[in-house]
Amino acid sequence: MLQGGNEWRYLKECLESGWVSSAGPFVERFEREVAALVGAQHAVAVASGTAALHTALRVVGVEPDEEVIVSDLTFIAPVNAIHYCGAHPVFMDADPVTWQMDARKLERFLDEECDFQDQRLIHRRTRRRIRAILPVHILGLACDMGRIMDAAEKYGLRVVEDAAEAMGVHFYGRHAGGFGDVGIFSFNGNKIVTAGGGGMVVTGDAGLARRARYLTTQAKDDEIESLHGEVGYNYRLTNIQAAVGLAQLERLEGFIERKRELAGRYEAIFSAVEGVTCMPSPPNTRPTYWLYTVLLPQGTLPDVRRAIIEELGENGFQARALWLPAHRQPSYRSSPAFEIQAADDLFNRGICLPSSVGLDPVDLLRCAETLVQIINRQRSGVAG
Ligand SMILES: *Cc1c(COP(=O)(O)O)cnc(C)c1O
């Protein structure tokens with residue numbers, strides 16, 4: 001699905017014009033188009049989604065030794081970005097129904113475990129200041145941004161939305177990534193819109209956008225004498241990447257249609273299988289089902305789930321597990337976590353199924369049928 005649109009034409013323009021590196025017309029066009037899509041005033045293109053997260057946390061003012069509340073069930077990048085700032089993650093459980101950050105638990109944590117001191121919100125157990133919330137929209141669904149924004153306002157916290165997996169996802173008619181102080185996207189090869197690699201910082205705040213651009217271009221204050229006002233980063237996106245990203249972005253609605261069609265086929269099969277839970281479609285959300293995921297029957301142990309994924313692999317189908325919850329990652333085992341239950345259960349039972357836009361419906365059907373057979377065989381107690 002990489003060459004059905006303007007990809008070749010835009011790449012050729014880059015090479016012919018000589019604009020191949022970290023400036024050029026496609027970078028600006030790509031920024032404008034992503035800003036328009038999200039309904040944000042400003043967008044700053046960067047080298048990756050992870051760079052976008054690091055930048056976003058820096059511009060909202062996350063300082064060393066502060067804490068950021070982040071989804072426990074997530075790809076590790078947002079957690080690492082908190083660490084890059086010298087700050088500490090506080091892991092928030094997933095909602096068992098929507099699989100996204102549990103906004104009610106978040107409210108309860110802020111209410112029961114934190115105190116205001118000199119207008120700063122302090123985590124009572126660690127004595128550290130909590131600066132921000134980092135909800136991660138996972139799998140092509142959306143977090144409950146209504147509740148999360150209300151909580152942020154009540155407790156004086158900044159919000160950075162990780163919408164890397166949520167390009168095209170709407171919540172109450174608004175695009176994911178457009179609710180918080182800053183939102184981020186990724187254009188890695190596995191995302192719905194790819195640029196080969198890349199990311200975007202979006203915000204409605206001109207000051208934050210200016211600061212994002214400054215930090216990601218080595219914090220340069222003077223062109224002639226190369227004065228750098230502080231420690232910056234080389235996080236720029238190249239014109240070549242932006243060219244591919246822009247051409248892909250033009251095709252987003254078609255990609256979403258395909259993803260939703262694949263999800264519909266999976267759902268038609270798995271909704272008829274006893275004990276299996278299909279991917280949720282949370283109310284007031286337009287999902288993209290970026291990565292279609294089902295839950296094995298309640299009580300399934302992780303090693304059974306692993307064996308099932310291996311058996312699918314032996315049959316030529318590439319399935320995988322959800323992410324190991326962040327509080328169990330070796331680097332973050334000592335970080336605070338709030339009443340984690342659902343994230344562990346989703347990890348134990350979740351199987352992510354082939355979902356690429358180019359997936360042949362015949363292969364989808366064969367994969368789903370193979371999985372149903374394995375589940376039925378397990379249920380009837382016949383050894384594999
Ligand atoms: C892919 C992804 C990222 C990181 O993006 P990169 O471009 O690979 O750095 C961050 N967060 C989530 C949730 C992702 O899925």
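## Exercises on a ligand shell and a buried helix

Helix 3 (49–59) and helix 4 (77–84) each give at least two residues to the shell around the ligand. The model is predicted.

**Exercise 1. Describe the shell around the ligand: how many residues surround the ligand, and which are closest?**

Step 1. Count the shell. The ligand is surrounded by 15 residues.

Step 2. Pick out the closest. They are Thr50, Asp162, Glu165, Ser186 and Lys191.

Step 3. Sort by character. Six residues of the shell are nonpolar, six are polar and three are charged.

Step 4. Trace the shell to its helices. Helix 3 supplies three residues, the largest share of the shell.

**Exercise 2. Find side-chain polar contacts to the ligand. Which atom of the ligand faces Asp162?**

Step 1. Set the cut-off. A polar contact needs a pair of N or O atoms within 3.5 Å.

Step 2. Take Thr50. One of its polar side-chain atoms is 2.5 Å from an oxygen atom of the ligand.

Step 3. Take Asp162. An N or O atom of its side chain lies 2.7 Å from a nitrogen atom of the ligand.

Step 4. Take Lys191. Here an N or O atom of the side chain is 3.3 Å from an oxygen atom of the ligand.

Step 5. Turn to coverage. On its own the ligand has 380 Å² of accessible area, and the protein covers 92% of that.

**Exercise 3. Judge the overall fold. What is the radius of gyration of the chain, and what does the globule rule give?**

Step 1. List the secondary structure. The chain has twelve helices and 18 strands.

Step 2. Compare the radii. The radius of gyration is 21 Å, close to the 21 Å from the globule rule for 384 residues, so the chain is as compact as a globular protein of that length.

Step 3. Check burial. Of the 384 residues, 54% are buried.

Step 4. Check the contacts. Among those between residues at least 6 apart in sequence, 69% join residues at least 24 apart.

Step 5. Look at the surface. The chain exposes about 16700 Å², with 48% of it from carbon and sulfur atoms.

**Exercise 4. Decide how helix 11 sits in the structure. How many of its eight residues are buried?**

Step 1. Apply the cut-off. Buried means under 20% relative accessible area.

Step 2. Name the buried residues. They are Ala342, Ala343, Asp344, Leu346, Phe347, Asn348 and Arg349.

Step 3. Conclude. Seven of the eight residues of helix 11 (residues 342–349) are buried, so the helix is largely enclosed by the rest of the structure.

Step 4. Identify the cover. It includes strand 15 (293–295), helix 10 (302–314) and strand 18 (350–352).

Conventions. Residues are numbered from 1 along each chain as its sequence is written. This is a predicted model: local features need pLDDT of at least 70, side-chain atom pairs count only at pLDDT 80 or more; totals for chains, interfaces and linings use all residues. Side-chain values use heavy atoms; hydrogens and water are left out. A residue is near a molecule or strand if one of its heavy atoms lies within 4 Å of it. A polar contact is a pair of N or O atoms within 3.5 Å; within protein, one must be able to donate a hydrogen and the other to accept it, and residues adjacent in sequence count only if both atoms are side-chain atoms. Accessible areas come from the Shrake-Rupley method with a 1.4 Å probe; for residues, only the protein chains shown count as cover. Helices (H or I, at least four residues) and strands (E, at least two) are DSSP runs, numbered from the N terminus. Ala, Val, Leu, Ile, Met, Phe, Trp, Tyr, Cys and Pro count as nonpolar, Asp, Glu, Lys and Arg as charged, and the others, Gly among them, as polar. The radius of gyration is taken over C-alpha atoms; the globule rule is 2.2 Å times the number of residues to the power 0.38. Buried means under 20% relative accessible area, exposed over 50%, partly exposed in between (1.4 Å probe, protein chains only). Contact means heavy atoms within 4.5 Å.
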